[in-house]
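User: Please take a close look at the surroundings of one bound ligand and follow the contacts outward from there. Add whatever else helps to place that region in the fold.

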Amino acid sequence: MLWSHAPHVPRHPDPRSGPSPRNPNPGGWQPEIRHDWTRDEVAALIDLPFPELIFRAQLAHRAYFDPTRVQISTLLSIKTGGCPEDCAYCPQSALHEKSVKAERLMALEKVLTEARAAKAAGAGRFCMGAAWRSPKERDLDTVCAMIKGVKSLGLETCVTLGMLDGDQSRRLKEAGLDYYNHNLDTSPEYYDKIITTRTYQDRLDTLSNVRDAGINVCCGGIVGMGEDESDRAGLIASLASLPQHPESVPINLLVRVEGTPLAEAEAVDPITFARVVAAARITMPASHVRLAAGRELMSDEAHALVFLAGANSIFCGDKLLTTPNPAEHRDRKLLANLGMKPMTEGH
Ligand code: SAM
Ligand code: DTB
Ligand code: SF4
(Lines give C-alpha, C1' and ligand atoms only; values in the text may rest on other atoms or scores of the structure.)
(Ligands and ions follow the chains in the order given, each with its own letter.)
Protein backbone atom coordinates (compact mmCIF):
# COMPACT_ATOMS: atom_id res chain seq x y z
CA MET A 1 0.00 0.00 0.00
CA LEU A 2 1.39 3.42 -0.92
CA TRP A 3 1.17 6.33 1.51
CA SER A 4 -1.01 8.09 -1.04
CA HIS A 5 -3.63 5.44 -0.30
CA ALA A 6 -3.31 5.87 3.43
CA PRO A 7 -6.27 7.41 5.24
CA HIS A 8 -6.02 11.06 6.25
CA VAL A 9 -5.08 11.38 9.90
CA PRO A 10 -5.32 14.88 11.40
CA ARG A 11 -2.01 16.36 12.59
CA HIS A 12 -1.45 16.55 16.32
CA PRO A 13 1.45 18.49 17.76
CA ASP A 14 4.52 16.48 18.69
CA PRO A 15 6.61 18.15 21.42
CA ARG A 16 9.77 16.51 20.09
CA SER A 17 9.79 18.26 16.73
CA GLY A 18 8.82 21.82 16.02
CA PRO A 19 7.68 22.99 12.60
CA SER A 20 10.49 22.75 10.12
CA PRO A 21 11.11 24.47 6.82
CA ARG A 22 12.35 21.13 5.51
CA ASN A 23 9.18 19.29 6.39
CA PRO A 24 7.58 18.63 3.03
CA ASN A 25 4.39 17.64 4.76
CA PRO A 26 2.96 20.96 5.89
CA GLY A 27 -0.52 19.79 4.99
CA GLY A 28 -0.46 17.92 8.25
CA TRP A 29 -0.66 14.25 7.38
CA GLN A 30 0.86 12.01 10.02
CA PRO A 31 0.97 8.22 9.96
CA GLU A 32 -1.20 6.54 12.51
CA ILE A 33 0.66 5.21 15.56
CA ARG A 34 -0.22 1.51 15.67
CA HIS A 35 0.53 -1.13 18.28
CA ASP A 36 -0.78 -4.17 16.43
CA TRP A 37 1.94 -4.76 13.83
CA THR A 38 2.25 -8.41 12.84
CA ARG A 39 5.43 -10.16 11.83
CA ASP A 40 3.99 -10.75 8.34
CA GLU A 41 3.12 -7.09 7.86
CA VAL A 42 6.63 -6.02 8.90
CA ALA A 43 8.18 -8.72 6.67
CA ALA A 44 6.17 -7.31 3.75
CA LEU A 45 7.51 -3.82 4.53
CA ILE A 46 11.13 -5.03 4.70
CA ASP A 47 10.58 -6.77 1.37
CA LEU A 48 9.23 -3.71 -0.50
CA PRO A 49 11.14 -2.51 -3.56
CA PHE A 50 13.90 -0.36 -2.05
CA PRO A 51 12.76 2.99 -3.54
CA GLU A 52 9.24 2.39 -2.24
CA LEU A 53 10.50 1.43 1.22
CA ILE A 54 12.75 4.50 1.51
CA PHE A 55 9.94 6.79 0.26
CA ARG A 56 7.61 5.49 2.95
CA ALA A 57 10.30 5.76 5.62
CA GLN A 58 11.01 9.35 4.54
CA LEU A 59 7.34 10.31 4.74
CA ALA A 60 7.05 8.81 8.21
CA HIS A 61 10.30 10.48 9.32
CA ARG A 62 9.33 13.94 8.02
CA ALA A 63 5.88 13.77 9.58
CA TYR A 64 7.47 13.80 13.04
CA PHE A 65 11.05 15.09 12.71
CA ASP A 66 13.35 17.42 10.84
CA PRO A 67 15.32 14.88 8.75
CA THR A 68 18.46 17.05 8.90
CA ARG A 69 18.73 16.70 12.69
CA VAL A 70 20.47 13.88 14.55
CA GLN A 71 20.20 13.17 18.26
CA ILE A 72 23.66 12.54 19.73
CA SER A 73 24.31 10.27 22.69
CA THR A 74 27.61 9.33 24.31
CA LEU A 75 28.25 5.94 25.88
CA LEU A 76 30.36 5.08 28.90
CA SER A 77 30.93 1.62 30.34
CA ILE A 78 30.73 2.22 34.10
CA LYS A 79 31.16 -1.49 34.94
CA THR A 80 32.99 -3.54 32.35
CA GLY A 81 33.20 -7.32 31.90
CA GLY A 82 32.64 -10.31 34.18
CA CYS A 83 28.95 -10.61 33.28
CA PRO A 84 27.21 -13.86 34.33
CA GLU A 85 24.88 -13.85 31.29
CA ASP A 86 25.73 -15.78 28.12
CA CYS A 87 24.61 -13.39 25.33
CA ALA A 88 26.38 -14.85 22.28
CA TYR A 89 27.18 -11.43 20.78
CA CYS A 90 28.72 -9.87 23.87
CA PRO A 91 32.43 -9.55 24.66
CA GLN A 92 31.58 -8.84 28.31
CA SER A 93 30.15 -12.26 29.12
CA ALA A 94 32.39 -14.18 31.51
CA LEU A 95 31.08 -17.42 29.94
CA HIS A 96 32.77 -17.06 26.53
CA GLU A 97 36.08 -18.47 25.39
CA LYS A 98 37.62 -14.99 25.58
CA SER A 99 36.13 -11.92 27.21
CA VAL A 100 37.23 -8.46 28.25
CA LYS A 101 38.88 -8.11 31.64
CA ALA A 102 36.41 -7.64 34.49
CA GLU A 103 36.63 -4.26 36.21
CA ARG A 104 34.97 -2.73 39.26
CA LEU A 105 32.23 -0.12 39.14
CA MET A 106 33.76 3.21 38.11
CA ALA A 107 34.13 5.98 40.69
CA LEU A 108 31.58 8.83 40.62
CA GLU A 109 34.16 11.57 39.94
CA LYS A 110 35.57 9.70 36.95
CA VAL A 111 32.08 9.32 35.47
CA LEU A 112 31.41 13.04 35.91
CA THR A 113 34.70 13.94 34.22
CA GLU A 114 33.67 11.81 31.20
CA ALA A 115 30.20 13.38 31.19
CA ARG A 116 31.67 16.92 31.13
CA ALA A 117 33.83 15.93 28.14
CA ALA A 118 30.79 14.44 26.36
CA LYS A 119 28.81 17.63 26.94
CA ALA A 120 31.69 19.74 25.59
CA ALA A 121 31.78 17.51 22.49
CA GLY A 122 28.10 18.26 21.81
CA ALA A 123 26.28 15.24 23.27
CA GLY A 124 22.72 15.75 24.46
CA ARG A 125 22.42 12.44 26.30
CA PHE A 126 24.90 10.50 28.40
CA CYS A 127 24.36 6.72 28.56
CA MET A 128 26.01 4.58 31.21
CA GLY A 129 26.23 0.80 30.74
CA ALA A 130 26.98 -1.91 33.28
CA ALA A 131 27.75 -5.58 32.55
CA TRP A 132 25.27 -6.90 35.11
CA ARG A 133 22.43 -9.41 35.00
CA SER A 134 20.72 -6.98 37.38
CA PRO A 135 22.06 -4.35 39.79
CA LYS A 136 22.84 -5.09 43.45
CA GLU A 137 21.35 -2.70 46.02
CA ARG A 138 24.66 -1.05 46.97
CA ASP A 139 25.60 -0.54 43.32
CA LEU A 140 22.22 0.99 42.60
CA ASP A 141 22.92 3.70 45.22
CA THR A 142 26.15 4.59 43.39
CA VAL A 143 24.39 4.63 40.00
CA CYS A 144 21.68 6.93 41.44
CA ALA A 145 24.43 9.35 42.52
CA MET A 146 25.90 9.19 39.00
CA ILE A 147 22.49 9.97 37.47
CA LYS A 148 22.03 13.01 39.77
CA GLY A 149 25.53 14.26 38.96
CA VAL A 150 25.23 13.83 35.18
CA LYS A 151 21.79 15.44 35.13
CA SER A 152 23.10 18.46 37.04
CA LEU A 153 25.49 19.07 34.11
CA GLY A 154 22.47 19.63 31.87
CA LEU A 155 22.64 16.28 30.06
CA GLU A 156 19.83 13.78 29.59
CA THR A 157 20.61 10.55 31.42
CA CYS A 158 20.31 6.95 30.29
CA VAL A 159 21.48 3.77 32.00
CA THR A 160 21.49 0.11 31.04
CA LEU A 161 22.01 -2.19 34.01
CA GLY A 162 20.21 -5.44 33.11
CA MET A 163 16.98 -6.64 34.70
CA LEU A 164 15.09 -4.36 37.10
CA ASP A 165 12.16 -4.92 39.43
CA GLY A 166 9.52 -2.26 40.17
CA ASP A 167 11.27 -0.93 43.25
CA GLN A 168 14.63 -0.54 41.52
CA SER A 169 12.93 1.23 38.60
CA ARG A 170 11.25 3.71 40.96
CA ARG A 171 14.56 4.45 42.71
CA LEU A 172 16.17 5.26 39.37
CA LYS A 173 13.23 7.50 38.47
CA GLU A 174 13.57 9.34 41.79
CA ALA A 175 17.25 9.91 41.06
CA GLY A 176 16.13 11.73 37.89
CA LEU A 177 16.75 9.05 35.24
CA ASP A 178 15.41 10.04 31.81
CA TYR A 179 15.90 6.79 29.80
CA TYR A 180 16.48 3.10 30.51
CA ASN A 181 18.04 0.97 27.75
CA HIS A 182 16.97 -2.66 27.66
CA ASN A 183 16.98 -4.38 24.28
CA LEU A 184 14.79 -7.21 23.01
CA ASP A 185 17.76 -7.97 20.73
CA THR A 186 15.98 -10.33 18.29
CA SER A 187 12.67 -12.10 17.61
CA PRO A 188 11.03 -14.16 20.37
CA GLU A 189 11.60 -17.28 18.21
CA TYR A 190 15.34 -16.72 17.73
CA TYR A 191 16.04 -15.51 21.28
CA ASP A 192 17.14 -18.83 22.82
CA LYS A 193 19.70 -19.34 20.02
CA ILE A 194 21.44 -16.22 21.34
CA ILE A 195 20.83 -16.16 25.10
CA THR A 196 19.97 -19.04 27.44
CA THR A 197 20.42 -17.37 30.84
CA ARG A 198 17.21 -15.30 30.62
CA THR A 199 13.98 -15.29 28.63
CA TYR A 200 12.18 -12.88 26.32
CA GLN A 201 9.52 -12.56 29.00
CA ASP A 202 12.21 -11.45 31.51
CA ARG A 203 13.07 -8.63 29.09
CA LEU A 204 9.40 -7.66 28.64
CA ASP A 205 8.88 -7.66 32.42
CA THR A 206 11.76 -5.21 32.97
CA LEU A 207 10.47 -2.99 30.16
CA SER A 208 7.07 -2.91 31.82
CA ASN A 209 8.59 -2.09 35.26
CA VAL A 210 10.58 0.76 33.71
CA ARG A 211 7.49 2.12 31.91
CA ASP A 212 5.37 1.91 35.05
CA ALA A 213 7.98 3.93 36.94
CA GLY A 214 7.56 6.73 34.37
CA ILE A 215 11.01 6.36 32.76
CA ASN A 216 11.41 6.74 28.98
CA VAL A 217 12.25 3.47 27.25
CA CYS A 218 15.20 2.85 24.93
CA CYS A 219 14.73 -0.58 23.38
CA GLY A 220 15.93 -2.13 20.15
CA GLY A 221 17.98 -5.02 18.87
CA ILE A 222 20.83 -6.38 16.80
CA VAL A 223 21.02 -7.28 13.11
CA GLY A 224 23.61 -9.79 11.88
CA MET A 225 23.44 -12.61 14.43
CA GLY A 226 22.59 -15.27 11.84
CA GLU A 227 18.86 -14.53 12.10
CA ASP A 228 16.71 -14.65 8.97
CA GLU A 229 14.52 -11.92 7.54
CA SER A 230 11.49 -13.23 9.36
CA ASP A 231 13.35 -12.86 12.69
CA ARG A 232 14.23 -9.27 11.81
CA ALA A 233 10.55 -8.68 11.11
CA GLY A 234 9.71 -10.43 14.40
CA LEU A 235 12.02 -8.08 16.33
CA ILE A 236 10.50 -4.94 14.78
CA ALA A 237 6.95 -6.28 15.24
CA SER A 238 7.68 -7.00 18.93
CA LEU A 239 9.05 -3.47 19.47
CA ALA A 240 6.18 -1.84 17.58
CA SER A 241 3.60 -3.90 19.48
CA LEU A 242 4.73 -2.78 22.94
CA PRO A 243 1.88 -0.97 24.73
CA GLN A 244 3.81 2.29 24.17
CA HIS A 245 6.55 2.57 21.54
CA PRO A 246 10.04 2.98 22.98
CA GLU A 247 11.06 6.64 22.75
CA SER A 248 14.46 5.45 21.44
CA VAL A 249 14.97 2.42 19.22
CA PRO A 250 18.64 1.44 18.84
CA ILE A 251 19.29 -0.79 15.84
CA ASN A 252 22.75 -2.32 16.29
CA LEU A 253 24.74 -3.98 13.53
CA LEU A 254 26.54 -6.85 15.23
CA VAL A 255 30.14 -5.98 16.12
CA ARG A 256 31.81 -9.36 15.60
CA VAL A 257 34.24 -9.74 18.47
CA GLU A 258 36.88 -12.47 18.57
CA GLY A 259 36.26 -15.02 21.32
CA THR A 260 32.46 -14.62 21.24
CA PRO A 261 30.31 -17.38 19.70
CA LEU A 262 29.21 -14.95 16.95
CA ALA A 263 32.72 -13.89 15.92
CA GLU A 264 32.32 -15.62 12.54
CA ALA A 265 28.68 -14.67 11.86
CA GLU A 266 28.00 -13.80 8.24
CA ALA A 267 28.27 -10.06 7.54
CA VAL A 268 25.05 -8.21 6.72
CA ASP A 269 25.16 -5.76 3.80
CA PRO A 270 24.17 -2.10 4.31
CA ILE A 271 21.04 -2.39 2.15
CA THR A 272 19.67 -5.25 4.28
CA PHE A 273 20.49 -3.24 7.41
CA ALA A 274 18.86 -0.08 6.00
CA ARG A 275 15.70 -2.10 5.29
CA VAL A 276 15.38 -3.00 8.97
CA VAL A 277 15.94 0.63 10.00
CA ALA A 278 13.26 1.74 7.51
CA ALA A 279 10.81 -0.79 8.96
CA ALA A 280 11.52 0.58 12.45
CA ARG A 281 10.95 4.15 11.20
CA ILE A 282 7.65 3.30 9.46
CA THR A 283 6.22 1.27 12.34
CA MET A 284 7.44 3.62 15.13
CA PRO A 285 7.32 7.00 13.34
CA ALA A 286 7.51 9.25 16.42
CA SER A 287 10.49 7.42 17.99
CA HIS A 288 14.15 8.28 17.69
CA VAL A 289 15.64 5.42 15.67
CA ARG A 290 19.32 5.02 16.46
CA LEU A 291 22.00 3.75 14.15
CA ALA A 292 23.81 2.25 17.16
CA ALA A 293 26.70 -0.26 17.17
CA GLY A 294 28.49 -1.24 13.97
CA ARG A 295 29.29 2.21 12.52
CA GLU A 296 33.07 1.79 12.74
CA LEU A 297 33.11 -0.52 9.71
CA MET A 298 30.37 1.33 7.78
CA SER A 299 31.29 3.56 4.85
CA ASP A 300 30.03 7.15 4.67
CA GLU A 301 27.69 5.99 1.89
CA ALA A 302 26.24 3.28 4.12
CA HIS A 303 25.70 5.88 6.88
CA ALA A 304 23.90 8.11 4.36
CA LEU A 305 21.66 5.24 3.29
CA VAL A 306 20.71 4.44 6.89
CA PHE A 307 19.91 8.12 7.60
CA LEU A 308 17.75 8.16 4.46
CA ALA A 309 16.02 5.05 5.82
CA GLY A 310 14.98 7.12 8.83
CA ALA A 311 17.70 6.83 11.47
CA ASN A 312 18.00 10.08 13.43
CA SER A 313 20.26 9.24 16.34
CA ILE A 314 23.83 7.99 16.82
CA PHE A 315 26.38 7.32 19.53
CA CYS A 316 29.38 9.65 19.20
CA GLY A 317 32.79 9.19 20.78
CA ASP A 318 35.57 6.84 19.75
CA LYS A 319 34.38 3.94 21.93
CA LEU A 320 31.03 2.23 22.44
CA LEU A 321 31.16 0.12 25.62
CA THR A 322 34.22 -2.00 24.81
CA THR A 323 34.52 -1.78 21.00
CA PRO A 324 35.58 1.09 18.70
CA ASN A 325 33.23 3.72 17.26
CA PRO A 326 34.13 6.30 14.57
CA ALA A 327 36.43 9.11 15.73
CA GLU A 328 34.74 12.41 16.51
CA HIS A 329 36.35 14.22 13.57
CA ARG A 330 35.06 11.56 11.15
CA ASP A 331 31.48 12.00 12.41
CA ARG A 332 31.78 15.78 12.30
CA LYS A 333 32.96 15.61 8.68
CA LEU A 334 30.27 13.10 7.74
CA LEU A 335 27.42 15.18 9.19
CA ALA A 336 28.79 18.35 7.57
CA ASN A 337 29.07 16.54 4.25
CA LEU A 338 25.43 15.45 4.54
CA GLY A 339 24.26 18.88 5.70
CA MET A 340 23.01 17.39 8.95
CA LYS A 341 23.30 18.82 12.47
CA PRO A 342 22.98 17.63 16.07
CA MET A 343 19.53 18.20 17.56
CA THR A 344 21.07 20.14 20.45
CA GLU A 345 22.35 22.92 18.12
CA GLY A 346 19.96 25.79 17.52
CA HIS A 347 17.96 25.98 14.28
N1 SAM B 1 23.94 -5.89 30.65
C2 SAM B 1 22.91 -5.03 30.22
C3 SAM B 1 21.97 -5.69 29.23
O4 SAM B 1 22.31 -6.64 28.60
O5 SAM B 1 20.85 -5.20 29.12
C6 SAM B 1 23.41 -3.74 29.62
C7 SAM B 1 24.62 -3.71 28.71
S8 SAM B 1 24.48 -4.58 27.15
C9 SAM B 1 26.13 -4.53 26.57
C10 SAM B 1 23.54 -3.49 26.12
C11 SAM B 1 23.25 -3.92 24.71
O12 SAM B 1 24.41 -3.81 23.91
C13 SAM B 1 22.80 -5.34 24.47
O14 SAM B 1 21.46 -5.52 24.76
C15 SAM B 1 23.05 -5.51 22.98
O16 SAM B 1 21.91 -5.17 22.24
C17 SAM B 1 24.18 -4.52 22.71
N18 SAM B 1 25.41 -5.22 22.31
C19 SAM B 1 26.26 -5.89 23.12
N20 SAM B 1 27.28 -6.43 22.43
C21 SAM B 1 27.07 -6.09 21.13
C22 SAM B 1 27.78 -6.36 19.93
N23 SAM B 1 28.88 -7.10 19.91
N24 SAM B 1 27.30 -5.85 18.76
C25 SAM B 1 26.17 -5.11 18.77
N26 SAM B 1 25.46 -4.82 19.88
C27 SAM B 1 25.90 -5.31 21.05
C1 DTB C 1 22.61 -0.32 22.47
O2 DTB C 1 21.59 -0.76 21.90
N3 DTB C 1 23.84 -0.37 21.94
C4 DTB C 1 24.80 0.15 22.89
C5 DTB C 1 23.92 0.65 24.05
N6 DTB C 1 22.62 0.22 23.67
C7 DTB C 1 24.25 0.32 25.43
C8 DTB C 1 25.84 -0.85 23.23
C9 DTB C 1 26.60 -1.37 22.04
C10 DTB C 1 27.69 -2.27 22.52
C11 DTB C 1 28.56 -2.76 21.41
C12 DTB C 1 29.62 -3.70 21.90
C13 DTB C 1 30.59 -3.11 22.86
O14 DTB C 1 31.11 -1.99 22.63
O15 DTB C 1 30.91 -3.77 23.86
FE1 SF4 D 1 25.95 -9.18 30.13
FE2 SF4 D 1 24.53 -7.29 28.87
FE3 SF4 D 1 26.70 -8.43 27.71
FE4 SF4 D 1 24.49 -9.88 28.01
S5 SF4 D 1 24.70 -8.02 26.77
S6 SF4 D 1 26.59 -10.56 28.49
S7 SF4 D 1 23.72 -9.10 29.96
S8 SF4 D 1 26.70 -7.15 29.51
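Analyst: The account below starts at the ligand site, moves to the loops beside it, and ends with some helix positions elsewhere.

The model is predicted, and local features are taken at pLDDT of at least 70, side-chain atom pairs at pLDDT 80 or more, while totals for chains, interfaces and linings use all residues. Residues are numbered from 1 along each chain as its sequence is written, chains are lettered from A and ligands numbered from 1 in the order written, and side-chain values use heavy atoms, without hydrogens or water.

Ligand 3 has C83, E85, C87, Y89, C90, S93, A131 and R198 around it (a residue counts when one of its heavy atoms lies within 4 Å of the molecule). This shell consists of 5 nonpolar, 1 polar and 2 charged residues; Ala, Val, Leu, Ile, Met, Phe, Trp, Tyr, Cys and Pro are classed as nonpolar, Asp, Glu, Lys and Arg as charged, and the others, Gly among them, as polar. The largest cavity is the space that ligand 3 takes up. A cavity here is a set of points, on a 1 Å grid over the protein atoms alone, where a 1.4 Å probe fits but cannot get out. A molecule is assigned to a cavity if more than half of its atoms lie within 2 Å of its grid points.

Two members of the shell, C83 and A131, are also contacts of Q92. Q92 belongs to the loop between β1 (69-79) and α3 (108-120), where helices (H or I, at least four residues) and strands (E, at least two) are DSSP runs numbered from the N terminus. Its relative accessible area is 7%, so Q92 is buried; buried means under 20%, exposed over 50% and partly exposed in between, with a 1.4 Å probe and protein chains only. Beyond four places in sequence, the contacts of Q92 (heavy atoms within 4.5 Å) also include S77, K79, T80, G81, G82, V100, L321 and T322.

A second link to the shell runs through I195, since two residues that I195 touches, C87 and Y89, surround ligand 3 as well. The other residues in its list, which omits those up to four places away, are D86 and D185. I195 lies in the loop between α6 and α7 (200-212) and counts as buried because its relative accessibility is 1%. From I195 to K119, 76 residues apart along the chain, the C-alpha separation is 35 Å.

D185, the partner of I195 just named, sits in the loop between β4 (179-181) and α6 (191-194). Its backbone stands out: D185 is not a glycine, yet its phi is positive, at about 70°. Most residues other than glycine have a negative phi. With a relative accessible area of 2%, D185 is buried.

The model has 1 aromatic pair. Its members are Y191 and Y200, arranged edge-to-face with 5.1 Å from centre to centre and 80° between the planes. The rule pairs rings of Phe, Tyr and Trp (its six-membered ring) whose centres lie within 6.5 Å, and calls planes under 30 degrees apart stacked, over 60 edge-to-face and the rest tilted. Both Y191 and Y200 are buried.

Three helix positions complete the picture. S169, in helix α5 (residues 166-174), is buried at a relative accessible area of 0%. Its contacts beyond four places in sequence are L164, N209, V210, A213 and I215.

D141, in helix α4 (residues 137-151), is partly exposed at 47%. Between D141 and G82 the C-alpha distance is 20 Å.

E229 lies in helix α8 (residues 229-240) and is partly exposed, with a relative accessible area of 32%. Outside four places in sequence, E229 touches A43, I46 and D47; the C-alpha atoms of E229 and I46 are 8.2 Å apart.

Terms used
1 Å grid on protein atoms, 1.4 Å probe; cavity = no way out; pocket = protein on both sides within 12 Å on 5 of 7 lines; lining within 4 Å.
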